[in-house]
Amino acid sequence: MGKLTNFKRSLWVFHASGGSCNACDIEIIAALTPRYDVERFGIKLVGSPRHADVLLVTGAIPRDFADKLRRVYEQMPDPKAVIVIGNCGTSGGVFYDSYNIVGPIDEIIPVDVYVPGCPPRPEAIIDAVVKAWLKLEKLEKQLEGKEE
Ligand code: SF4
């Protein structure tokens, strides 16, 4: 894994849940609570996608949520990264091929990091955030014209 060096601010995260059973969402909360406490690294959940660097998405995405998810993604400022948490969002999971499911999530918005599992452990979610952080560092350098 690369070294985190250049992203100059805390990493703020927005969580969108689209048809999740809630277990993936609870593992995200577990990553924030005292046992893992990612806020000590400056990683915190925010209430608006306009303030977020990273979008965490859970669930298989029912048809009526797809437009809302696109709008959430479009509201985020650049540079931004998307992490899919759980099998439902990664592949459809147990809902694969259901009549009202339009996921997996990468059919709707671009995805940077996948965290498989049903649900994944908090350690895997934290590892994914670090991977997204590395992507954001690279994008920020490109935006500043320091790297092709
Ligand atoms: S991947 Fe499993 S735990 Fe996560 S939302 Fe789907 S069914 Fe629930």
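This briefing walks through one helix, the salt bridges, and the enclosed and open spaces of the structure above. The model is a predicted one, so please read every value below as computed from it. Helix H4, residues 122-143, is a good place to start, with its 22 residues. H4 also helps to line the largest cavity, together with H1 and strand S2.

**Helix H4**

- From its first C-alpha to its last, H4 reaches 31 Å, which is close to the 32 Å expected at 1.5 Å a residue.
- The buried residues of this helix are Pro-122, Ile-125, Ala-128, Val-129, Ala-132, Trp-133, Leu-136, Glu-137 and Glu-140.
- Two glutamates, Glu-137 and Glu-140, are on that buried list, alongside residues such as Trp-133 and Leu-136.
- The cover over the buried residues of H4 includes helix H1 (23-32) and three strands: S3 (54-58), S4 (81-85) and S5 (113-115).
- After H4 comes Gly-145, with a positive phi near 80 degrees.

**Salt bridges**

- Across the whole structure, the search finds four salt bridges, and the next points describe some of them.
- In general, side chains of opposite charge can pair when their charged atoms come close.
- Asp-67 and Arg-70 form one such bridge, with 2.6 Å from N to O.
- Both of these residues belong to helix H2 (residues 66-75), where they sit three residues apart, or about one turn of the helix.
- Asp-67 is exposed, at a relative accessible area of 52%, while Arg-70 is partly exposed at 32%.
- Another bridge joins the side chains of Lys-131 and Asp-127, at 3.0 Å from N to O.
- This pair lies in H4, four residues apart, again about one turn of the helix.
- An α-helix has 3.6 residues a turn, so residues three or four places apart point the same way.
- Lys-131 is partly exposed, with a relative accessible area of 39%, and Asp-127 is partly exposed too, at 30%.
- Arg-121 and Glu-123 also meet through their side chains in a salt bridge, with an N to O distance of 3.2 Å.
- Here Arg-121 is exposed, its relative accessible area being 54%, whereas Glu-123 counts as partly exposed at 36%.

**The cavity**

- There is one cavity of 30 Å³ or more.
- The largest cavity holds about 100 Å³ of space.
- Its lining is made up of Val-13, Ile-28, Ala-31, Leu-32, Val-38, Ile-43, Lys-44, Leu-45, Leu-56, Ile-125, Ile-126 and Val-129.
- H1, strand S2 (44-45) and H4 each give at least two residues to this lining.
- By class, the lining has eleven nonpolar residues, no polar ones and one charged residue.
- Ile-125 and Val-129 line the largest cavity and are also among the buried residues of H4.

**The pocket**

- The largest pocket has a volume of about 190 Å³.
- It is lined by 14 residues, and those closest to the pocket centre are Cys-21, Cys-24, Cys-88, Phe-95 and Cys-118.
- H1 and helix H3 (87-91) are the elements that contribute two or more residues to the lining of this pocket.
- The pocket lining divides into eight nonpolar and six polar residues, with no charged ones.

Notes: Residues numbered from 1 in each chain as written. Predicted model: local features only at pLDDT ≥ 70, side-chain atom pairs only at ≥ 80, totals over all residues. Heavy atoms only, no water. Expected span 1.5 Å × (residues − 1). Buried < 20%, exposed > 50% of the residue type's maximum accessible area, 1.4 Å probe, protein only. Contact = heavy atoms within 4.5 Å. 1 Å grid on protein atoms, 1.4 Å probe; cavity = no way out; pocket = protein on both sides within 12 Å on 5 of 7 lines; lining within 4 Å. Points joined across faces, edges and corners; volume = space filled by probe spheres on them. Nonpolar A, V, L, I, M, F, W, Y, C, P; charged D, E, K, R; others polar.
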